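User: I am new to this structure. Please take a close look at the start of the chain, and show me how its side chains and helices meet.

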Amino acid sequence: LAKKIKDILSEIGEDAEREGLQKTPERVSKSLDFLTNGYNLNPRKIIKSALFKENYNQMVLVKDIEIYSLCEHHMLPFFGKAHVAYIPNGIIVGLSKIPRVVDVFARRLQVQERLTDEIKDCIQDALNPKGVAVVIEAQHLCMQMRGVQKQHSITTSSAFSGIFMSDEKTRSEFINLIK
C-alpha cells in the first residue's frame, strides 16, 4: 500500500522524496489500516462475548457514541455521534460492547445510511431484543471540503426495529432521550 501511496504522490505532482513526504506513504498506509480495521472484526462475536440473563425490560440507551468513518464515495471522513437503544427480551449485553459494534461498522468504507442499518441489524440479530433504535448525526467532509461545500450541514439517519417501529410512545421516548 505504501508503494501505491508513493505513486499517488507522484501522480498529483509532488516529489515523494522531499523531506516532508519521505515517510508519508508508510504513515498513510498505517492510517488506512487503522481506519478500515472493521473488516477484520466480527461485531456479532463482540456482542456474544458479554451476554447476561436479566429480566430488565425497559429501554437501555447508549448515546453520544463518537463515530469516525470514511465515505466510500470519496474516502473522506465523516464523523459525529451515534445513539443506540434496545429493549431487552431476557438478555442484556455489556454496555461497552455497543460502542465497540458501532466502531466495527464505522471502521469500514461506508455510507451513513448503511452504517445505521448495520448497527441496528447486528444488535437485533445477536440479542433478539424487543426492539432496537439507532440514530446517527454526522458531518461529511465530502460535502464540506468539496462538492456543495456546506460547512454547517449535519446528516441524520435513523433505523428502528420491533417495538420502536410499532409503538409511537416508545419511539418518542427514545427521541426525547437523545435530544
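Analyst: A salt bridge here is a side-chain nitrogen of Lys or Arg within 4 Å of a carboxyl oxygen of Asp or Glu. Keep in mind that this is a predicted model. Lys6 and Glu17 fit the definition, because their N to O distance is 2.5 Å. The pair links distant parts of the chain. Lys6 sits in helix H1, while Glu17 lies in the loop between H1 and helix H2, 11 residues apart.

How open are these two partners? Lys6 has a relative accessible area of 33%, so it is partly exposed. Glu17, at 46%, is partly exposed as well.

A second bridge starts from the same helix. Lys3 pairs with Asp7, and their closest N and O atoms are 2.8 Å apart. This pair stays inside H1, which runs over residues 2-11. Its partners are four residues apart, about one turn of the helix. Lys3 counts as exposed because its relative accessibility is 56%, and the cut-off is over 50%. Asp7, at 36%, counts as partly exposed. The structure holds nine salt bridges in total.

Now turn to the helix packing. Two packed helices are described by the angle between their axes and the distance between the axes. For H1 and H2 the angle is about 120°, and the axes are 8 Å apart. That angle is over 115 but not over 145, so the two helices are oblique to each other. Their crossing is right-handed.

Which residues make the contact? From H1 come Ala2, Ile5, Lys6 and Leu9. From H2 come Thr24, Pro25, Glu26, Val28 and Ser29. By class, five of these are nonpolar, two polar and two charged. Lys6 and Glu26 are the charged residues in this contact. Lys6 thus has two roles: it bridges to Glu17, and it takes part in the contact with H2.

Thr24 deserves a stop. Its place is in H2. Its relative accessible area is 15%, which is under 20%, so Thr24 is buried. Thr24 and Ala2 are 22 residues apart in sequence, yet their C-alpha atoms are 8.3 Å apart in space. Each belongs to the H1 and H2 contact.

For comparison, look further along the chain. The axes of helix H4 (residues 97-106) and H5 come within 10 Å and cross at roughly 140°. That makes H4 oblique to H5, because the angle is not over 145. H4 passes H5 in a right-handed crossing. H4 supplies Val101, Val102, Phe105 and Ala106, and H5 supplies Leu115, Glu118, Ile119 and Cys122. Seven of these are nonpolar, none is polar and one is charged. The charged one is Glu118.

Glu118 also meets Arg114 in a salt bridge, at 3.9 Å from N to O. Arg114 and Glu118 both lie in H5 (residues 112-127), four residues apart, about one turn of the helix. Arg114 has a relative accessible area of 31%, so it is partly exposed. Salt bridges that share partners join Glu72, Arg114 and Glu118 into one network.

Back at the start of the chain, the picture is this. H1 carries the bridge between Lys3 and Asp7. Its Lys6 reaches Glu17 in the loop. H1 also packs against H2 at about 120°.

Note on methods. Residues numbered from 1 in each chain as written. Predicted model: local features only at pLDDT ≥ 70, side-chain atom pairs only at ≥ 80, totals over all residues. Heavy atoms only, no water. Buried < 20%, exposed > 50% of the residue type's maximum accessible area, 1.4 Å probe, protein only. Axes fitted to C-alpha atoms, helices over the stretch in contact; angles between N-to-C directions. Parallel < 35°, antiparallel > 145°, perpendicular 65-115°, else oblique. Left-handed = near helix turned anticlockwise from the far one by under 90°. Contact = heavy atoms within 4.5 Å.
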